[in-house]
Amino acid sequence: MAYAQGFDHIQAGSVEYDWKIDRGAMATIWRGGCIIRAKFLDRIREAYDDNPALPSLLVAPYFAKAVSDGIHSWRRVVADAARAGIPTPAFSSSLAYYDGLRRNRLPAALIQGLRDNFGAHTYQRVDKEGSFHTLWAGDKSEVKA
């Protein structure tokens with residue numbers, strides 16, 4: 001999952017700064033000096049060879065199936081570790097990243113709410129036109145901005 005996040009971040013930078021990164025070639029380059037020189041990086045290369053415009057490795061058929069096949073175990077590991085007080089930052093943050101990608105509104109709505117709470121930046125709603133602000137430190141009422 002960390003590889004998927006890394007590739008997504010590099011792709012975002014490539015688009016923003018016009019780097020023209022070939023993510024399939026990048027997987028091949030990483031394989032040359034990586035301890036996981038393996039079929040895993042070949043799978044990444046194959047995914048980008050099949051679809052150079054792939055928005056995320058998580059939608060490539062091989063990786064989508066791998067995550068789907070293991071999602072229940074992944075959730076169980078993160079939950080059991082949390083209950084036992086064992087930190088699993090890579091597992092848990094990767095799971096949160098995956099869950100965030102699968103939601104249409106949750107990450108954006110959460111970020112808007114946090115920005116409004118900490119800086120009164122307002123937010124938009126899907127059921128009403130306009131921008132709004134909540135009086136977080138007051139009575140929690142909402143005002144149209």
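F63 is buried, at a relative accessible area of 9%. Keep in mind that this is a predicted model. Beside it in sequence, Y62 is partly exposed, and its relative accessible area is 40%. Why do the two get separate labels? Buried means under 20% relative accessible area, so F63 at 9% qualifies, whereas Y62 at 40% does not.

A search of the whole structure turns up 4 aromatic pairs. Y62 and F63 form an aromatic pair, with 5.0 Å from centre to centre and 90 degrees between the planes. What kind of pair is that? Edge-to-face.

One more ring to point out, that of F132. The charged end of R125 sits over the F132 ring, 5.5 Å from its centre.

Now V59. Where does V59 lie? In the loop between helix 3, residues 39-50, and helix 4, residues 61-83. Setting aside neighbours within four places in sequence, V59 is in contact with L54 and A64. V59 and A47 are 12 residues apart along the chain, and their C-alpha atoms are separated by 9.4 Å.

Next, the chain as a whole. The protein chain has 6 helices and 3 strands. Reading from the N terminus, the order is α-α-α-α-α-α-β-β-β.

How much of the chain is buried? Of its 145 residues, buried ones make up 26%. The exposed surface of the protein chain is about 9900 Å², and carbon and sulfur atoms supply 59% of that.

Last, contacts. Taking contacts between residues at least 6 apart in sequence, 30% join residues at least 24 apart.

Technical notes
Residues numbered from 1 in each chain as written. Predicted model: local features only at pLDDT ≥ 70, side-chain atom pairs only at ≥ 80, totals over all residues. Heavy atoms only, no water. Helix = DSSP H or I, 4+ residues; strand = E, 2+ residues; numbered from the N terminus. Contact = heavy atoms within 4.5 Å. Buried < 20%, exposed > 50% of the residue type's maximum accessible area, 1.4 Å probe, protein only. Areas by Shrake-Rupley, 256 points an atom, 1.4 Å probe, with all protein chains shown as cover. Phe/Tyr/Trp six-rings, centres within 6.5 Å; stacked < 30°, edge-to-face > 60°. Lys NZ or Arg CZ within 6 Å of the ring centre and 35° of its normal.
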